[in-house]
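The following exercises practise the reading of a protein structure. Each task is followed by a solution that proceeds step by step.

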Amino acid sequence: MRFTKASDLVPAGLVTAVALYLFIRLLYGELPPLPTFAGVTLLVLAVVEVVFGYVLRGRVRRTSSGRPLQPITAARALALAKASSLLGAIMLGAWAAVLAYVVPESARVEAARSDIPSAVIGAVSAAVLIAAALWLESCCRAPRDPDDQRRDAV
């Protein structure tokens, strides 16, 4: 398994942004107002992943003392991180699409003006989730063995 790259996340975000933007253009008048804190769930997930990352990182670094890290725990953390980064990319694309529609319309439509804070909170929360997920993924890396570094230098 390889670590997540931007080339894994950008297409998902772009496809979501384009599809949702077209959907919003067609049906914005029929949609209910966006809840202001709709995107905060993503922020809560990001905080959980950061805390989990700190715990996991400490356990990976001190494998000789304390409880050893079980490989299945690292695999689960990695799966969570990969899924969360993809979710974050999709949701960032979705919130960006909402912003792309409501910002220009906010001068004419009151509903669009009131949806801007929701879209900003959602986009920021999605970006924070991506960062937290990539950080959790990096916490799953095993530290380099000093013996391997000496052999690489020769």
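**Exercise 1. A salt bridge and its two partners**

Is E105 buried or exposed? Determine also which residue forms a salt bridge with E105, and classify that residue by its accessibility.

Solution. The model is a predicted one.

Step 1. The relative accessibility of E105 is 16%. Buried means under 20%, so E105 counts as buried.

Step 2. The partner of E105 in the salt bridge is R108, and their closest N and O atoms are 2.5 Å apart.

Step 3. R108 has a relative accessible area of 64%. Exposed means over 50%, so R108 is exposed. The bridge between R108 and E105 therefore joins an exposed residue to a buried one.

**Exercise 2. The other salt bridge**

How many salt bridges does a search of the whole structure find? Describe the one formed by R113.

Solution.

Step 1. The search finds 2 salt bridges.

Step 2. In one of them, the side chain of R113 meets that of E110, with 2.8 Å from N to O.

Step 3. Both R113 and E110 belong to helix 4, where 3 residues separate them, about one turn of the helix. In an α-helix there are 3.6 residues a turn, so residues three or four places apart point the same way.

Step 4. R113 has 39% relative accessibility and therefore counts as partly exposed.

**Exercise 3. The overall build**

State which secondary structure elements the protein contains, and describe its burial and its contacts.

Solution.

Step 1. There are 5 helices and 0 strands. Along the sequence the pattern reads α-α-α-α-α.

Step 2. Of the 154 residues, 32% are buried. The protein exposes about 9400 Å², of which carbon and sulfur atoms supply 68%.

Step 3. Among the contacts with a separation of 6 or more, 83% are between residues 24 or more positions apart.

**Exercise 4. The two sides of helix 1**

Which residues of helix 1 are buried, and where do they lie around the axis?

Solution.

Step 1. Helix 1 comprises residues 6-27. At 1.5 Å a residue, its 22 residues should span 32 Å; the end C-alpha atoms are 31 Å apart, which agrees.

Step 2. The buried residues of helix 1 are L9, A12, G13, T16, A17 and I24. Because these residues cover an arc of only 135° around the axis, they lie on the same side of helix 1.

Step 3. The other side of helix 1 carries the exposed residues S7, L14, V15, V18, L22, R25 and L26.

Step 4. The cover over the buried residues of helix 1 includes helix 3 and helix 4.

**Exercise 5. The buried side of helix 2**

Against which helices do the buried residues of helix 2 pack? Check also the span of helix 2.

Solution.

Step 1. For the 22 residues of helix 2, a span of 32 Å is expected at 1.5 Å a residue; the end C-alpha atoms are 32 Å apart, which agrees.

Step 2. L42, A46, E49, G53, L56, R59 and V60 are the buried residues of helix 2. They occupy an arc of only 145° around the axis, which puts them on the same side of helix 2.

Step 3. These buried residues pack against helix 3 (71-105) and helix 4.

Step 4. One of the buried residues, L42, can be compared with G122 of helix 4. L42 and G122 are 80 residues apart in sequence, yet their C-alpha atoms are 7.8 Å apart in space. G122 touches L42, as well as G39 and W95, when residues up to four places away in sequence are not counted. With a relative accessible area of 0%, G122 is buried.

**Exercise 6. A nonpolar patch on the surface**

Which residues make the nonpolar surface patch, and which helix gives the most to the patch?

Solution.

Step 1. The patch is made by L43, V47, V51, V55, V120, V124 and V128, and has an area of about 530 Å².

Step 2. Helix 2 (40-61) and helix 4 (110-139) each supply at least two of the patch residues. Helix 2 gives the most, with 4 residues.

Step 3. V124 is a patch residue found in helix 4. Its relative accessibility of 49% means that V124 counts as partly exposed.

Key
Residues are numbered from 1 along each chain as its sequence is written. This is a predicted model: local features need pLDDT of at least 70, side-chain atom pairs count only at pLDDT 80 or more; totals for chains, interfaces and linings use all residues. Side-chain values use heavy atoms; hydrogens and water are left out. Patches are made of residues with over 30% relative accessible area and no salt bridge: like charges are joined within 9 Å, nonpolar side chains (Val, Leu, Ile, Met, Phe, Trp, Tyr) within 5 Å. Accessible areas come from the Shrake-Rupley method with a 1.4 Å probe; for residues, only the protein chains shown count as cover. A salt bridge is a side-chain nitrogen of Lys or Arg within 4 Å of a carboxyl oxygen of Asp or Glu. Buried means under 20% relative accessible area, exposed over 50%, partly exposed in between (1.4 Å probe, protein chains only). Contact means heavy atoms within 4.5 Å. The expected span of a helix is 1.5 Å times one less than its number of residues. The arc is that of the directions from the helix axis to the C-beta atoms.
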